[in-house]
Structures are given as structure tokens and as C-alpha cells.
Amino acid sequence: MQSHFLKKKYLLTPGPTQIPEPVLAQLAQPILHHRTPEFIEIMHKIQSGLQEIFQTKQNVLILSASGTGAMDACVSNLFSPGDPVITINGGKFGERWTKIAQAYGLNVIELKTARGSSIDPQTVAETLKQNPHARAVLFQASETSTGTLFPTQEICKIIQAYPQCISIVDAITALGVFDLPMDSWGIDVLLTGSQKALMLPPGLACVSLSEKAWDWQKKAQLPRFYFDFAKERQAILKGQTAWTPPIHLILGLQKSLELIQAETLQISFKRHALLAKCTRAAIQALGLSLLSEAPSNAVTAVKVPVEIQEGKLIPKTMREQYGVSIAGGQDELEGKIFRLSHLGYVGIFDLIVGLGALEMTLYKLGYRSFTFGTATGAALQTYYQQEIQ
Ligand SMILES: *Cc1c(COP(=O)(O)O)cnc(C)c1O
């Protein structure tokens, strides 16, 4: 049967994520000028909202870029050519830290983990012992490509014993998803992007620095111009950004921060944890297995069963036949996994849509050792049990 209504579109990818209707409405507002008292007032409100999410007293800088722009800016603003740094490569985004640091001529010591593995903090401690001059450890709190959680608190604690070393944490699918208190855990640099838990279109990145990291900034010798943390800090104190920002994304950010504040950060963490739990229960009920040994609450990575030879067909069929977008695997994981996101503006019934389409797709592609309703049933059961407690 051909009907576009039967292929109504649903987005369940780990970025971009769905955008709440009140945020969409903001994006349709008339443009306003960014050097005006009206805009400055909005920026001041946003600043306190961001500080709440980052759980910091520091300023949170706002850059016009996707998340990678903030990662790039951290390297160009905080180091000098040849500086030794440690990167943790647990997947595509960890590898990106390595590539950016190498592109800027840093001396990179890379800790690579098996895809789906987290890291033992002890490994970081030993690497620092062997490389006591390392200037930073760069890693992901949640590695989106494998759906894996990394032990941020433990790693930051280890780094604190080294006065010449800072922690730089990519929290692009972590901030707003699970607890990551920047100040109390002693995280030196924390960053995120707009198209993940902030529930906005791509185009904004936010980054905050500890006092220790600001010292790095003053001494760092790498050339930089557009992304200059010192200029951005001066600007943000005045309710401004150094350059013309994507004004509509700023308007949207004000609204999405309001929505997060209304839900409260603690409830947001609980909601993400519950939806992740429901997803894992659904996957296990289907007889499938998770890629990650330490699954993140942002996204669930699932191994393609042997019955399906061409794993890439799973996201393709879900999107083309059923209108549901999920993510596949990247690089060496291409065709080997698929990823269901439960990040941002997601409720239980978004998950049910995704799991329903997954059941149809698996059956169609030849994985048939389950009855319809198995995944959705397990998710609902898990949700119900939690809800009635
Ligand atoms: C999405 C994402 C990024 C940034 O990717 P962009 O496409 O530049 O926004 C970086 N790290 C992680 C962990 C991500 O999930």
C-alpha cells in the first residue's frame, strides 16, 4: 500500500534530535539585531540556564559551530605546538580528538579501546605516570559511535593530581542526559553541541573552562582567530558573542533551556535512564545483544544478528519503508551495528514507534525468532513497572 501517511517521519538519531514545538515556534520569530538591549537580556538568561546545566560557576561560552568546532577550538585555544596530550579513542569521536590534536601539531599519546569497551581509569593513571608531562587528557563522557559511557569522574580525579594537566571532556551526548557536575567533579573543560540534548538544530556549541584551563588559555601559543576563548569570554560578560551568532538558534536555546529547567535536570537524568533501560530490555527480549559493555543512557548500540547479512539494510529499511530514522554503524562498525537514540526530546511513545518499526524491519530482513510485540511489550513492561513504583 502506498501512502505517505504510513511513512510519517520520526527522528530517533543521536543528533540531530527532535525539536520541541515551542522551540520550533521560536525559530519562526522575526529576526532581531544582536547588538541590542533586548538580545543582551536574552543572552544573560541563557547564561544562567547554561551554568545550571553545566553545573558550574564559570562562564559558558557560545560558539557558532557544530560540536566539532568546539573540539577544534579547545585544541587551538589551550595548547602550544608539540605539547604532549593523551587522547582516549573509544570510537569515532575519540578518534576525532586524536585527529584534531595531530592536525595542530600536538604530540599525541592515544589510548585506543576495543569498540564498545569503556576504559579502566587505572589505564589512564598508568599512562599519566609514564607521561608525567602530558598537558591534557581528552575524551568523551559518552562515545556516541558505540553507545558507551566513560568514567569521567574517576578520570578527572586522577588528572587533578597533575598540576600541569587538564581534563577536556566532550559531553555532546552526555550533558543534560546524565549527571556531569563540572565544578564538583573538577572537570577542566566541558563542551556540548546544540543538536543533541539541547534539542535544537545544529549550529551552536557551548564550552566552559575551569580557572586552571583559563591559565592554559593565556599561555597557549597555537594560532587562532575566529574561535578565541578570551574574546568570547569578554563578549559573554556583556551578554554578547564575539561575532554575529545564529540569532534564531539563540532564541531557540532560550526556550529549550526553559523547557529543561521546567522538567528539572534531575528528572531529565531519570527520564533518559528509564528510556535507556526500556530500550535495553526491548533489545534483550528480541534476543539481540548490545555492543557496549558500559551502555550510555543517550543511545543504544545493537549488534546486527548473524541472520541479517547486510546490516546496513536495517536503518535503510526503517527509514525508507517506515519513515523512522535511526543511526547505523560508522567506519569499522558499518553494517555491524545499529543505534537507537533516546536522547533529548524523547518520550516512551517515541521509543515504541522506533521499536515497532525495528520489529517490522528485522522480520522483513530475515530475523524472525520473535513474535510481534516482543520489543514494544518489553519496553512498555519496563516503563510501567518503573512508573508504578
Ligand atoms: C555529535 C557528536 C560530536 C560532534 O559532531 P558535529 O557533527 O560536529 O556536531 C562530537 N562528539 C560526540 C560524542 C558527538 O555525539
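This is a short walk through a few local features of one structure, which is a predicted model.

I will start with the helices. Helix α5 covers residues 121-130, and its axis lies 9 Å from that of α6, at an angle of about 20°. The cut-off for roughly parallel is under 35 degrees, so α5 and α6 count as roughly parallel to each other. The crossing of α5 past α6 is right-handed. On the α5 side, the residues in the contact are P121, V124, A125 and L128, and they meet E154, I155, I158 and I159 of α6. By class, that contact has seven nonpolar residues, one charged residue and no polar ones.

Staying with α6, which spans residues 152-160, take T152. Is T152 buried or exposed? Its relative accessible area is 3%, and buried means under 20%, so T152 is buried. Setting aside residues up to four places away in sequence, T152 touches F139, A141, V169, L180, W185 and I187.

Next, the strands. Strands of a sheet pair through backbone hydrogen bonds, in either a parallel or an antiparallel sense. Strand β2, residues 60-64, has four of its five residues buried, which makes it mostly covered. β2 runs antiparallel to β10, residues 204-209, and five bridges join the two. Within that pair, I62 is opposite C206 of β10.

There is also an open sheet of three strands, in the order β11-β14-β13, with antiparallel pairing. Which strands stand at the edges? They are β11 and β13, the latter at 327-328; each has a single partner strand, so each has one side without a neighbour in the sheet. That does not leave β11 in the open: four of the five residues in β11, which runs over 299-303, are buried, so the rest of the structure largely encloses this strand. The pairing of β11 with β14, residues 337-341, is antiparallel and extends over five bridges. In that pairing A301 faces R339 of β14.

R339 comes up again with P14, in the loop between β1 (10-11) and α1 (21-27). P14 has a relative accessibility of 6%, so it counts as buried. What is P14 in contact with, leaving aside neighbours within four places in sequence? The list is T144, T173, K196, V299, A327, R339, S341 and L343. For a distance, P14 and I308 are 294 residues apart in sequence, and their C-alpha atoms are 23 Å apart in space.

Last, the backbone geometry. Most peptide bonds are trans, and most residues other than glycine have a negative phi. Three places here deserve a look on that basis.

P16 sits in the same loop as P14, between β1 and α1. The peptide bond joining G15 and P16 is cis, with omega about -5°.

M199 has a positive phi, near 60°, and is not a glycine. M199 lies in the loop between β9 (189-193) and β10, and it counts as buried at 7% relative accessibility.

D331 is the other non-glycine residue to mention, with a positive phi of about 50°. D331 belongs to the loop between β13 and β14. What is the relative accessible area of D331? The value is 38%, so D331 is partly exposed.

That is the end of the list.

Notes
Residues are numbered from 1 along each chain as its sequence is written. This is a predicted model: local features need pLDDT of at least 70, side-chain atom pairs count only at pLDDT 80 or more; totals for chains, interfaces and linings use all residues. Side-chain values use heavy atoms; hydrogens and water are left out. Buried means under 20% relative accessible area, exposed over 50%, partly exposed in between (1.4 Å probe, protein chains only). Contact means heavy atoms within 4.5 Å. Axes are lines fitted to C-alpha atoms, for helices over the stretch in contact, and angles run from 0 to 180 degrees between N-to-C directions. Angles under 35 degrees count as roughly parallel, over 145 as roughly antiparallel, 65 to 115 as roughly perpendicular and the rest as oblique. A crossing is left-handed if the near helix is turned anticlockwise from the far one by less than a right angle, and right-handed if clockwise. Ala, Val, Leu, Ile, Met, Phe, Trp, Tyr, Cys and Pro count as nonpolar, Asp, Glu, Lys and Arg as charged, and the others, Gly among them, as polar. Two strands pair if DSSP finds at least two bridges between them.
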